[in-house]
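Please examine the structure shown below. The questions that follow treat its sheets, its salt bridges and its surface in turn.

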Amino acid sequence: MRILTLGLLALLYSFLSFSQENTSIEDIKKKKYYTQKLSSGSIKLDGVPTEPEWEAVEWGGGDFIGYRPFEGKEPTYQTKFKIIYDDKYLYVAYRAYDAEPDSIVQRMSRRDEFPGDWVEINIDSYHDLRSAFSFTISASGVRGEEFISNNGNNWDSSWNPIWQAKTNIDEEGWTAEVKIPLSQLRFGKNPDKVWGFQIQRILFRNQERSIFQPIPQSSGVWVSGFAELHGLEEVKPQKQIEIAPYTVAKMERGPAQTGNPFQTGKNSNITAGVDGKVAVTSDMILDFTINPDFGQVEADPSQVRIDGFQNFFQERRPFFIESRNIFEYELTGSQAGGDYDSDLLFYSRRIGSSPHSYPDLADSEYADVPQNTSILGAAKFSGKSKNGWSIGILESVTQEEIATIKGENSERTEIVEPQTNYFVSRIQKDIKGGETVIGGILTSVNRKGNLNDLLHNDAFTGGFDLLHYWKNRTYYIKGSAIFSHVTGSAEKIYNTQTSFEHLFQRPDSDRLSVDPTRTSLTGSGGTIRIGKSGGTGKGEKGRVFNFDSGVTYRSPELELNDIGFMQTANEINHFTWAGFRYPKSFGKFRNARINYNHFFKWDFDGQLMFQLFNVNAHATFQNNWSMGSGLNWNTFDVSNNALRGGSAIRRPPGFGQWGYINSDQRKKIQAFAQGSYFVGKDAVMNFTNVNFTLSAQPIDAMSVSLSTGYNHSYRKQDQYVSQVSYGDVIRTIVSSVNQNTWRYTLRLNYNITPDLTLQYYGQPFITRPEYEGYGYVKDPLNKSYNDRFHRFTSSQITEQDGSFMIDENGDGETDYSFGDPNFNFMQFRSNLVARWEYKAGSELYLVWSQGNTPDTGNYWEQTLNQNLFSNLFGQQANNIFLVKLTYRFLK
């Protein structure tokens, strides 16, 4: 507690010392540009703005100013633009001057990766000073778009509107013409429209960014600082209707399994569905999908954990990632990452996940079980009104999934997933131009059918949040409160109470106890935090001091995992981050930053669980190389979860360091290296992680990268293995564990044209934890590490038929036993995708997916990598060939 008090006093001192810093953003005059409506004629989109219609307006710009790295300085080359519109489209023309047109970088890439030289326009058509639509065109013709929210703190590239652009290179530099349907923007019906806008350009070979409207990097704002676009009186809201039916032909080939009627090595089918988008009002959109298919989506990376925590996978499915910013609600309180604090009220990967049940099979039985739960349909209603109301409603229904089981003379079915309805509603209100934002969220999961012992019948979560800025958005205070309520059978609620996230059965908790008669649980959580995100830069380096500090709690009964993501409940976390940023170029540096963090955690019994201190520094040099490093000092660590319901256990304190280095990204060949290690006191544990990526761009149309990652972890004695009964005593079996993991990732992108691309992703993966030195937990909170455990002697433990037999009292009889926990997991996943956008919004996909999760084979006879490659590529893999055709009808 003394350390916490000193940390808070230091934070208060820093706050008072820098409280006089005021951002100068309000002192900068906002530029204005006046557009006009086309009276006649049309724009031929060829990248050369020479049509007479462009003469209706004047060139804007010519006075762009440096943003990075030389803020406020004259950029190397200037940029001009024109903006006009008609009844259906907004047109933007660019003139990007360059005295060396042969040096313009025309790299190509996937959409949204912004390769080479580019120019973009950000449009705040809501004019809410918080959100904007971004359209980027590279000199090579690659398009990118993002939805900007939270005043520039969030840039969501999953937004995928329909628009067009062309570019051209000439003796003065390069030009572009952009055509944006007004239906892809959101705005009100008021006649005196004013939109915010910003135009920025990157000169790739100099890694130089310039902007039209000056916005100091130290201000901590983006959208609220935009220039103003006037002359939009005749712009009328559009009734957007997009219908995109699709059909998918799928063929699967793989190894046949003798005697298994479901694994013949061959399977084929044809499916169809439809996606749609309808503008209910000028600023509210209804998105829907019926029988969606995500066969073209890149495979998830392989992950294996032995610590009991869930794996987290990023959402990759287009329907769920578009507009996801509206539905985001995190009970988060730190920038620590990892498992310290990472809860979501809505985690869309729960929808359509693998079935929760698997049938029990006799020796002669085989089962056909769906790999994923089918989504019958889903719909989203989302948007933002002119009065500052942001609304998001999502509804999805997944079907009941049934496994078919066949034996020698029998056949039966079994439900493995009930029909389920998922509902999410999110609302926010901007007050005073977003200086204050209030919001709320409500979710529900309702299931039909059986599986009462596995799944809740109903699950509800809700919350309220508040964000307030002051001193020109320099300082902020954030708060959120949430609740959860789950219902189910007594058996299911008992399982929830004793699950890894809750562990009410822990014998050392004074507050927790299991009630086997309960049929519901109600929990709560909350966060309060205060911070500074802007300020006037000090001196030539533009030094800015920022901080963020607060407290988060999760009550023991909080349960989010039916539709959200929660690692563990029963925590009270305190966090503080403070740091200096140097955004301006100085000496050998283009920019730099230095940070300090500390994290503390308690449970609801008042037990201190965790203390961590961290310092780190990062810099980008004038040669465009970048690097960073940090030190972690973990002074105290107690885990309530490590023994899976046994008592809490003290874990050794330790010290770690991490660092990375990244080469100049302008070069055709780039390298990235990262490494970290952590060593526990008295060398009773250590962790090492090394990653290396080599990227190459042999030609502008092709990029390839190869990554390799190695992870090694060692724990001397405190790795959980099992729990067994010994008379009236529950023994928690632990061991030492030595785990090695390798992964290799290959990515290849080839752009035949900006709209015709070939993409490959492949990743072999292997992990091998080796358990040894078995024993049981004796005194889990003892300060002496060796006194926490009893290690079995050679006379107490014998191995027999894949199990360990324990004669604890030495009477020659087996007192208890547990299975051998050693395993060897390997997997290969790959996707080869050819994508052709043959018409705006209409696409053809040709996909080859390959996967292999073989038997572990020669576990001890080969090294880790020999085992990986001989088993993965020495056996027949599962191959899926898919053709998907979508056609978008746009009105």
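Q: In what order do the 3 strands of the open sheet that contains strand 45 follow one another?
A: The model is a predicted one. In this open sheet the pairing is antiparallel. Strand 44 (797-800) and strand 46 (816-819) are the edge strands, as each pairs on one side only. The order is therefore 44-45-46.

Q: Which residue of strand 45 stands opposite Thr-798?
A: Strand 44 pairs with strand 45 (residues 803-806) in the antiparallel sense, over 4 bridges. Within strand 45, the residue opposite Thr-798 is Met-805.

Q: Which strands are the edge strands of the open sheet with the order 21-24-25?
A: This sheet has 3 strands, and its pairing is antiparallel. An edge strand here pairs on one side only. The edge strands are strand 21 (366-368) and strand 25 (411-417).

Q: What is the bridge partner of Ile-402 in strand 25?
A: Strand 24 (residues 401-406) and strand 25 are joined over 6 bridges and pair in the antiparallel sense. The partner of Ile-402 in strand 25 is Ile-415.

Q: Which residue of strand 48 stands opposite Ser-830?
A: Strand 47 (residues 825-839) is joined to strand 42 (residues 756-777) by 12 bridges, and the two run antiparallel. In that pairing, Ser-830 of strand 47 stands opposite Gly-762. Strand 47 also pairs with strand 48 (residues 842-852) in the antiparallel sense, over 10 bridges. In strand 48, the residue opposite Ser-830 is Gln-850.

Q: Which residue takes a positive phi in the hairpin of strand 47 and strand 48?
A: This hairpin has 2 residues between the strands. The positive phi is near 90°, and the residue that takes it is Gly-841.

Q: How far apart in space are Thr-757 and Trp-836, C-alpha to C-alpha?
A: Thr-757 is found in strand 42. Leaving aside neighbours within four places in sequence, Thr-757 is in contact with residues including Val-833, Ala-834 and Arg-835. In sequence, Thr-757 and Trp-836 are 79 residues apart. In space, C-alpha to C-alpha, the distance is 6.6 Å.

Q: Is Thr-757 buried or exposed?
A: A residue is called buried under 20% relative accessible area and exposed over 50%. The relative accessible area of Thr-757 is 4%, so this residue is buried.

Q: Is Ser-210 buried or exposed?
A: Ser-210 has its place in strand 14 (residues 208-211). Beyond its neighbours within four places in sequence, Ser-210 is in contact with several residues, among them Phe-64, Tyr-67, Pro-75 and Ile-199. Its relative accessibility is 2%, and Ser-210 therefore counts as buried.

Q: How many residues apart are the salt-bridge partners Asp-343 and Arg-554?
A: The side chains of Asp-343 and Arg-554 meet at 2.2 Å, N to O. Asp-343 is in strand 20 (residues 343-344) and Arg-554 is in strand 31 (residues 544-554), so that the pair links distant parts of the chain. Asp-343 counts as buried at 1% relative accessibility, and Arg-554 counts as buried at 1% as well. The separation of the two along the chain is 211 residues.

Q: Where does Glu-808, which forms a salt bridge with Arg-731, lie?
A: The closest N and O atoms of this salt bridge are 2.6 Å apart. Arg-731 counts as buried at 16% relative accessibility, and Glu-808 is buried with a relative accessible area of 13%. Arg-731 belongs to strand 41 (residues 729-753), 77 residues away from its partner. Glu-808 lies in the loop between strand 45 and strand 46.

Q: With which residue does the side chain of Glu-843 meet in a salt bridge?
A: Glu-843 counts as buried at 13% relative accessibility. Glu-843 is also one of the residues linked in a network of salt bridges, which includes Arg-111, Arg-143, Glu-145 and Asp-755. The N to O distance of its salt bridge is 2.8 Å, and the partner is Arg-835.

Q: Which elements give two or more residues to the nonpolar patch on the surface?
A: The patch is formed by Val-615, Leu-631, Trp-633, Phe-655, Tyr-677 and Val-679, with about 530 Å² of accessible area together. The elements that give two or more residues to this patch are strand 35 (626-639) and strand 38 (669-680).

Q: What is the relative accessibility of Phe-655?
A: Phe-655 lies in strand 37 (residues 654-662). This residue counts as partly exposed because its relative accessibility is 37%.

Notes: Residues numbered from 1 in each chain as written. Predicted model: local features only at pLDDT ≥ 70, side-chain atom pairs only at ≥ 80, totals over all residues. Heavy atoms only, no water. Patch = residues over 30% accessible without salt bridge, like charges linked within 9 Å, V, L, I, M, F, W, Y side chains within 5 Å. Areas by Shrake-Rupley, 256 points an atom, 1.4 Å probe, with all protein chains shown as cover. Salt bridge = Lys/Arg side-chain N within 4 Å of Asp/Glu carboxyl O. Buried < 20%, exposed > 50% of the residue type's maximum accessible area, 1.4 Å probe, protein only. Pairing = 2+ DSSP bridges. Contact = heavy atoms within 4.5 Å.
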